[in-house]
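This report goes through a set of sheets, a helix packing and some backbone details. Please keep the sequence and the model open while reading.

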Amino acid sequence: MRRTSSALLLPLVAAVVLATALVAGAAASSATSVQITTPKSGSTVHLGANPYTAVAGTVSFAAATPQATRFYLRRDDCGGSNDNPHLSVVNGTDAGDGCGLVLTSVVGLGGDVDHGAFVDFPSTDGMPLAFDSGQNVTGTIDLESLAGAGTGLLEVDVSMEALDHGNGVTIGSDSESVLITPLAADYPVAFTIQPNPALAGHDLSGIDLRVHVHGPFVFSGFIGNSGKSWTDVPSYAASVNQAVQVSLDDASFSSPIPARISGSSWSVAIPTPAVGKHTLYAESTQGFDTSAPASTTFTVKK
Amino acid sequence: MKRLIALAIFALALGSAGSAGATAAHKPIYMPNAKNMQNPALQPPPVCCVPVGPPVAGEPAPVNMAYFGGHVQVTPKIYLVFWGWGQAGAFDHTTPGMPANDPDGAAQRMTNFVKAMGGTDWAGVSTQYYETDNGQNVYIQNPSNVYGGVWYDDTNPIHDNVSGLELAQEAQRAVAHFGVTDLHNSQFVIAQPQKFNEAGFNGGVGYCAWHDYTQPQYYPGVQAGISFTNMPYVLNMGASCGQNSVNTGYYTGRLDGFTIVMGHEIEETITDPGAEDVINGQNLGGWYDYAAYENGDKCAWVGYTFGLTNPSTVPGGLNNITGNDGKQYPVQSLWSNNSAAGAGYCAGNGNDLPTG
């Protein structure tokens, strides 16, 4: 009976181990990978003749192709506790579309209705984003149902902020005006933001679009959702921040040595370690992504 | 003794505010959130004489502080304990590029602040206060390094609605972890992650944090004489606990509350580590006024109007200070008996009352 149980149990354990390995493999999967070609595994280095040991290998990174990432301005509710204005790379019908006040009064020519009411749309997906500051951020804020507004100018201020390594950093801002009339019901307001060049190539953890609508003729309008308002953020398909580093006898890379990358190759010279057997590790990083480590074992002799 | 009786009567009259303290007769020193500054349940019991009403919202609480005979932290060391931040379920989100045990960067911000606050003008406000040892006044110092250490404790399990007693027990574990022997000059900030917070904070009592001092009758089984702070994940309370109160950018100001609230508690603990305790007739308290407001309480949320105006434009209002690392940290001001020609005012934020 006991043997039968063990026989049943072993495949089960094996299945669990296999499943765990698959999950771990999936979690560790990376768009970048690295190999060590020199020194070859099992090779010998003579310390007297080689005070430095050449280390080299190959590396691959995901292509950092310039592109634009479109984020839609979305809302989940109509001014309720679950309103949740946010940016998403996924478009769809918003439960909060068609409601929600921008401002609530009219002061007429010469005045400026401004209750300091702005709306933040922080990103909830699409991150990390490899930012390309060489192109402008563009977009459209669709304003609707400006009932009772009369005829006059309405101001739309947009500003974008990045979450860059835990810090808020301004990307840029723009102010646009639009002439509103009692007859029209829909005002798509295009905007363009010149990005902060200091963010060139940075891997962003989040972006926030702040929209502030004000002016003398604003009345009970709202920002259209369900794909009508959006922003295109210049980016790269993958991070431009690429690196290879090696570590001697330390798989945790506590004292990493950076390598020089040339195309799909990398190289570095390290001081030849003491006589004995050593393990050399290498890993590549692309933005927040780190490859599985490669390793090779070699022996140092006098 | 009168003070102890007064404490007991006051606490019994009000009932226990949440489960913050270990006994119904004891209350720690709360920092009310910005919407509860005038909530009587969160006011400290007055020391004597004529009870004083709560301060006007957004304004300092006047009259100078006095010395009540207890010790102060002359050479303060601040120990940070991030309890359970790496435990499963501690956060409901991740952020690309940020550690899984600190997805909003709050722990890093608090650590950076403690490392950077030493030697600043803000921390220097407390150097006018002292303890009296053998008839000599020994003044609080403002060294550049007040950072004692940091401990990410994922060994001792935390849970949601943790009690004040459990926080005190964690503080005791921190004393052992860091090998601290000088309790008089040491304080322990027990910081909780997003999803595991102290019961009173979760329960809407209306405070952002509190500090206290362990005594056997209040925290049974815990070593006496530990100054510790209950530091919940104040971002859960949003603007009420300071989010975007100084820095308006969505991300730039998101963590404002952490340094404002923790700074309040740290400086209160430096000037009143005994947390106004009176034990067997002996006053363990350091500096506070006769309404029992400490240096942080008296200047909490000054100038804050929930974004309608910039608080830094008000003397003593919330503002950024420059740390000794050159970076900006939002804090509240601290009561200075020396300000306003000795009448006292909130100071240290770079927007003090004009002098001369």
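## Sheets, contact and backbone

In chain A, 4 strands make up an open sheet in the order S6-S13-S9-S10, with antiparallel pairing. S6 and S10 of chain A are its edges, each with a single partner strand, so one side of each has no neighbour in the sheet. Neighbouring strands of this sheet are turned against each other by 20 degrees on average, direction ignored. Strands pair if DSSP finds at least two bridges between them. Strands (E, at least two residues) and helices (H or I, at least four) are DSSP runs, numbered from the N terminus. Axes are lines fitted to C-alpha atoms, for helices over the stretch in contact, and angles run from 0 to 180 degrees between N-to-C directions.

This is a predicted model, in which local features need pLDDT of at least 70 and side-chain atom pairs count only at pLDDT 80 or more, while totals for chains, interfaces and linings use all residues. Residues are numbered from 1 along each chain as its sequence is written, and chains are lettered from A and ligands numbered from 1 in the order in which they are written.

S6(A) and S13(A) are joined in the antiparallel sense by 4 bridges. In this pairing A:Pro122 is opposite A:Asp208 in S13(A). Chain A as a whole has 1 helix and 22 strands. Of its 302 residues, 32% count as buried, which means that 20 or more other C-beta atoms lie within 10 Å of the residue's own; 12 or fewer make a residue exposed, anything in between partly exposed, and C-beta atoms are placed from the backbone. Among contacts in chain A between residues at least 6 apart in sequence, 75% join residues at least 24 apart. Two residues are in contact if their C-beta atoms, placed from the backbone, lie within 7 Å.

The strands of the chain A sheet also take part in the contact between the chains. That contact takes 17 residues from chain A and 12 residues from chain B. S6 (119-122), S9 (152-164), S10 (167-180) and S13 (206-214) of chain A each supply at least two residues of the side that touches chain B. S13(A) gives the most, with 3 residues. The chain A side divides into 5 nonpolar, 7 polar and 5 charged residues. Here Ala, Val, Leu, Ile, Met, Phe, Trp, Tyr, Cys and Pro count as nonpolar, Asp, Glu, Lys and Arg as charged, and the others, Gly among them, as polar.

Chain B has an open sheet of 6 strands in the order S1-S8-S9-S7-S3-S6, and its pairing is mixed. Strand S1 (29-32) and S6 of chain B are the edge strands, each pairing on one side only. The twist from one strand to the next averages 15 degrees. Strands S8 (residues 207-213) and S9 (residues 227-231) of chain B run antiparallel and are joined by 4 bridges. B:Trp210 is opposite B:Asn230 in S9(B).

Helix H2 of chain B lies across S3, S6 and S7 of chain B, at about 175 degrees to S3(B). Within H2 (residues 106-116), the buried residues are B:Ala106, B:Ala107, B:Arg109, B:Met110, B:Phe113, B:Val114 and B:Ala116. These pack against several elements of chain B, among them S3 (77-83), helix H6 (256-271) and strand S14 (328-331).

The axes of H2(B) and H6(B) come within 9 Å and cross at roughly 45 degrees. That angle makes H2(B) oblique to H6(B); angles under 35 degrees count as roughly parallel, over 145 as roughly antiparallel, 65 to 115 as roughly perpendicular and the rest as oblique. B:Ala106, B:Arg109, B:Met110 and B:Phe113 in H2(B) meet B:Phe258, B:Thr259 and B:Met262 in H6(B). The residues of this contact divide into 5 nonpolar, 1 polar and 1 charged.

Some backbone angles remain. Most residues other than glycine have a negative phi, and most peptide bonds are trans.

| Place | Angle |
|---|---|
| A:Thr38 to A:Pro39, cis | omega near -5 degrees |
| A:Met127 to A:Pro128, cis | omega near 0 degrees |
| A:His165, not a glycine | positive phi of about 50 degrees |
| B:Glu276, not a glycine | positive phi near 65 degrees |

A:His165 is in the loop between S9 and S10 of chain A and is partly exposed, with 14 other C-beta atoms within 10 Å. B:Glu276 is in the loop between H6 and strand S10 (278-279) of chain B and is buried, with 24 other C-beta atoms within 10 Å.
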